[in-house]
Amino acid sequence: MKQLVILSGKGGTGKTSVAAALAHLASQEMPIVLADADVDAANLELVLNPTKLEEHVFMGGQVAIIDPDLCQLCGRCYDVCRFEAILPGEDTYWVDSLACEGCASCVYQCPEEAIHVEEQQAGLWFRSDTRFGPLFHAHLFAAQENSGKLVTLVKQQGRLLALDEGRELLIVDGPPGIGCPVISANAGADLALLVTEPTVSGVHDLKRILGTVNHFQVPALVLINKADVNPAHTAGIEAFCRAQGIALVGKLPYDTVVTEAMVHGQPVTAYRPDGPMGRALREMWAQLRQRLNGAW
Amino acid sequence: MIIAVASGKGGTGKTTVATSLALSLAADGTGLLFLDCDVEEPNAALFLKPRLDHREEVGILIPEVDFDWCTYCGRCAEVCVWHAIAVVGRKVLVFPELCHGCGSCTLNCPEGAIHEVLHVMGSLESGQAGPIAFGHGILNVGEAMAVPIIRQLKAKHMADADHGVTILDASPGTSCPVVETMRGADFVLLVTEPTPFGLHDLRLTVQVARDELGLPVGVVVNRDGVGDAGVDEYCAAKGIPILMRIPLDRRIAQAISGGKTLVEALPEYRPHFLELYKRIAREVASWKEVR
């Protein structure tokens, strides 16, 4: 079983559209599992129309709670909190639960023992069926922490099912950025497909996400989306990949058919298989499949 | 006036809108502070091209044990909810990547044997971009926590001076880095595209900004004309004002790909951004009245 993660650094380069197309193409050749690791803005389900089979509660971090009957307004909690999560009130201090990191520092310092911490439900995760294979996905509740922990959970569930059922490929649709949820999505991957675009931001962010996957020793492949928007930057990315010894597995055109497919709730390779975009994605999958075979 | 620019979905044009709003207001004589709070992928400097003349390393304070005083009692490990400090026989191990810098181990050590040292996670840089005071944070590659960098970026620049207008460019997503960016803002400007992905993530971001943080919000529809009517219908149903529309235009995509801002490439947009600001100011005023 191989694990492929799709990342980009910059948001909106087309990770999810590429993931949906890969799910469609790969599932025609082998049994696969899908994991949507962008848990604070999970979009893969919008193009895969999953049927939910299981729903589970995700318990995130803990939050401090002050008992107003016991609080003597000494302000010790306010002094020790480094997250600006304790706010003074008239009769009691109170906790801004969005700012609280649940470190419990205030719990130990309160002379009245008026503070305790409670675990919070931070989201839900699901096992679903799609026409391309099982999908593990999640909804982190608005403004919650611990997205890295939820990403790990979704991915781990996908991996376990793939191993149990002898499925050959786990496709992980990653979040943007390079921080905590990205590091979690990338962990344990055999290959990282970095989707970039030929813009100053795309190039800048490609270098940072490449540094991140290198740091964690996952081999990277590059796909340039919207390649014809700026041929000079596309050539620059190609030269950069050659210099770094990173395989470029494809170039996709700038094409609003991707959005049309999204509106119709379909991967672009299923919506318009024979257009330029569909063809480019199939060629990319052939390249990717070879690389994955090499990793097998 | 503090305006946070956010989106949920990535690549909808947050930085495009934030930089062009800043340039239009600054050219009109408004004092302006611009902070790029997307510390994982800070891109605004590529467009505003500030002269960065100040740089400092930032991070969190992590424990360092003084073994002359440590009795290996294990109290530090007991109070650490992150398991970032462990006592194994006659050794105390600190795991900086797990530490959140809360200081609880230091406060709880009965021997006073722990002091704190800076664990560098990134840097802050600042300078002028013409009339605009500019600052951004950069998370080091391989580091996980963006929030401490955002917190320090905001604290450094927003503590004292009144800048007229402060624009905060947020990262994509809806979790802690975005919340940290929006905290303390007067208004959250949500940049979206009229597609199912754009709408789905817009809904989530409205939940964060309006429902959780209690801030007034307004929408900029970018790449207007692509996709479907979902965003318009949603905004109408929820009473969220659409403050500006930027049409789908390959010229804009090309200019931005080369590092130009929207108002540099197409100066006819300047008055639209000034109008956008006026509408934001009206929204903030009426929100305060309602409150």
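This is a guided tour of a predicted model, with suggestions on what to select at each stop and what is found there.

**Chain A as a whole**

Begin by selecting chain A, whose C-alpha trace spans about 70 × 45 × 35 Å along its principal axes. Colouring this chain by secondary structure brings out eleven helices and eleven strands. Of the 296 residues in chain A, buried residues make up 54%, and among the contacts in this chain with a separation of 6 or more, 76% join residues that are 24 or more positions apart.

**The two domains of chain A**

Next, colour residues 2-49 together with 131-295 of chain A, which form domain 1, and give another colour to residues 62-121, which form domain 2. If you mark the C-alpha centres of domain 1 and domain 2 of chain A, you will find them 41 Å apart.

**The side of chain A that touches chain B**

Now show both chains together, and look at where they meet: 51 residues of chain A are in contact with 50 residues of chain B. Which elements of chain A give two or more residues to this side? They are α4 (105-109), α5 (147-165), α6 (180-186), α7 (200-215) and α9 (257-263) of chain A. Select α7(A) in particular, since the largest share of the side of chain A that touches chain B, eight residues, comes from this helix. Colouring that side of chain A by class gives 20 nonpolar, 24 polar and seven charged residues.

**The nonpolar cores**

In soluble globular proteins, nonpolar side chains tend to be buried together. In this model the largest nonpolar core has 170 residues, and to find your way into it you can select A:I171, A:L194, B:I3, B:V5, B:M182 and B:V188, the residues with the most contacts inside it. Helix α1 (residues 15-27) of chain A gives the most to this core, with eight residues.

Centre the view on B:V5 and leave aside its neighbours within four places in sequence; what remains in contact with B:V5 is B:K14, B:V17, B:A18, B:I167, B:L168, B:D169, B:A170, B:L189 and B:V191. Apart from the largest core lies another core, of 14 residues, which can be located by selecting A:C100, A:V107, A:A114 and A:I115, which are among them.

**A pair of helices in chain B**

Turn to chain B and select helix α7 (residues 196-212) and helix α8 (residues 230-238), which pack at an angle of about 25° with their axes 9 Å apart. Angles under 35 degrees count as roughly parallel, and α7(B) and α8(B) are therefore roughly parallel to each other. Showing side chains here brings up B:P196, B:G198, B:L199, B:L202, B:R203 and B:V206 in α7(B), which meet B:G230, B:V231, B:Y234 and B:K238 in α8(B). By class, this contact of α7(B) with α8(B) has six nonpolar, two polar and two charged residues.

**Two residues with positive phi**

Most residues other than glycine have a negative phi. Against that background, select A:L73, which has a positive phi near 65° and is found in the loop between β3 (51-66) and α3 (76-80) of chain A. Is A:L73 buried, partly exposed or exposed? With 13 C-beta neighbours inside 10 Å, A:L73 counts as partly exposed.

The last stop is B:Y72, where phi is again positive, near 60°. This residue has its place in the loop between β3 (51-65) and α3 (75-79) of chain B, and B:Y72 is partly exposed, with 16 other C-beta atoms within 10 Å.

Note on methods: Residues are numbered from 1 along each chain as its sequence is written. Chains are lettered from A and ligands numbered from 1 in the order in which they are written. This is a predicted model: local features need pLDDT of at least 70, side-chain atom pairs count only at pLDDT 80 or more; totals for chains, interfaces and linings use all residues. A nonpolar core is a set of buried Ala, Val, Leu, Ile, Met, Phe, Trp, Tyr and Cys residues joined through C-beta atoms within 7 Å. A residue is buried if 20 or more other C-beta atoms lie within 10 Å of its own, exposed if 12 or fewer, and partly exposed in between; C-beta atoms are placed from the backbone. Helices (H or I, at least four residues) and strands (E, at least two) are DSSP runs, numbered from the N terminus. Two residues are in contact if their C-beta atoms, placed from the backbone, lie within 7 Å. Ala, Val, Leu, Ile, Met, Phe, Trp, Tyr, Cys and Pro count as nonpolar, Asp, Glu, Lys and Arg as charged, and the others, Gly among them, as polar. Axes are lines fitted to C-alpha atoms, for helices over the stretch in contact, and angles run from 0 to 180 degrees between N-to-C directions. Angles under 35 degrees count as roughly parallel, over 145 as roughly antiparallel, 65 to 115 as roughly perpendicular and the rest as oblique. Domain bounds come from an automatic or database domain assignment.
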